[in-house]
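Please open the model in your viewer and keep the selection panel at hand, since the tour proceeds one selection at a time.

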Amino acid sequence: MYATKLWLAEHLHLQTSDEKSGITNLRKNYTTFLGIKFKVVPKGDKWIIRSHIADKSKDKVINKLRTVWKDIKNPSKQSEIDKNISLYNSMVMGMHNYYCMATMVSADFAEIAYKVNGKSNGMNHNNRCFPITKNG
């Protein structure tokens, strides 16, 4: 690691951070880069990369989506339901698009969806909320 830091400093004039830099055996542990955690796993006689959304990033995604989901569940006006649903869908698509390079992104987003939505996937909004109706 010392030789790599020295080479980067001399040849490319790059500084490295001691707290973010490290050497990891990817066959045993995950390493995180840009919100994605990587690990190498055996498949047949080869080794392939298995990557997930990092735990810290997953918590941030869950918190952001929960705030929008609460507005969908309990809107203050009928007109805000459609706006909040569109906002939620666009946030999910944007986050999925960012993390699409992770190989297990679909499984991670299924877990995120369960934590955000819970068992309310088939909900027709509470009785105290405005019903979804078509006018005109």
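Bear in mind throughout that this is a predicted model. Begin by selecting helix 3 together with helix 4, the latter covering residues 105–117; their axes come within 11 Å and cross at roughly 150 degrees. Because an angle over 145 degrees counts as roughly antiparallel, helix 3 and helix 4 are therefore roughly antiparallel to each other. The crossing in which helix 3 passes helix 4 is right-handed.

Now show the side chains where these two helices meet: on helix 3 select Y88, V92, M95 and H96, and on helix 4 select V105, S106, F109, V116 and N117. Colouring the contact of helix 3 with helix 4 by class gives 6 nonpolar and 3 polar residues, with no charged ones.

Keep helix 3, residues 79–98, and add helix 2, residues 55–73. The axes of helix 2 and helix 3 come within 9 Å, and the angle at which they cross is roughly 165 degrees, which means that helix 2 is roughly antiparallel to helix 3. Here the crossing of helix 2 past helix 3 is left-handed.

For the residues behind this pairing, select V61, K64, L65, V68, W69, D71 and I72 in helix 2, which meet N84, I85, L87, Y88, M91, V92 and M95 in helix 3. By class, the residues of the contact of helix 2 with helix 3 comprise 11 nonpolar, 1 polar and 2 charged.

Next, hide helix 3 and display helix 2 with helix 4, whose axes lie 9 Å apart and which pack at an angle of about 40 degrees; that angle makes helix 2 oblique to helix 4. In passing helix 4, helix 2 forms a right-handed crossing. The side chains to select for this contact are K58, V61, I62, L65, R66 and W69 from helix 2, and D108, F109, E111, I112, K115, V116 and N117 from helix 4. Sorted by class, the contact of helix 2 with helix 4 has 7 nonpolar, 1 polar and 5 charged residues.

Finally, leave the helix pairs and turn to the largest pocket: which residues line it? Select K20, S21, G22, T31, T32 and F33, since these form the lining of the largest pocket, and, if your viewer can draw a surface, look there for a volume of about 160 Å³. The lining of the largest pocket divides by class into 1 nonpolar, 4 polar and 1 charged residues.

How values were computed. Residues numbered from 1 in each chain as written. Predicted model: local features only at pLDDT ≥ 70, side-chain atom pairs only at ≥ 80, totals over all residues. Heavy atoms only, no water. Axes fitted to C-alpha atoms, helices over the stretch in contact; angles between N-to-C directions. Helix = DSSP H or I, 4+ residues; strand = E, 2+ residues; numbered from the N terminus. Parallel < 35°, antiparallel > 145°, perpendicular 65-115°, else oblique. Left-handed = near helix turned anticlockwise from the far one by under 90°. Contact = heavy atoms within 4.5 Å. Nonpolar A, V, L, I, M, F, W, Y, C, P; charged D, E, K, R; others polar. 1 Å grid on protein atoms, 1.4 Å probe; cavity = no way out; pocket = protein on both sides within 12 Å on 5 of 7 lines; lining within 4 Å. Points joined across faces, edges and corners; volume = space filled by probe spheres on them.
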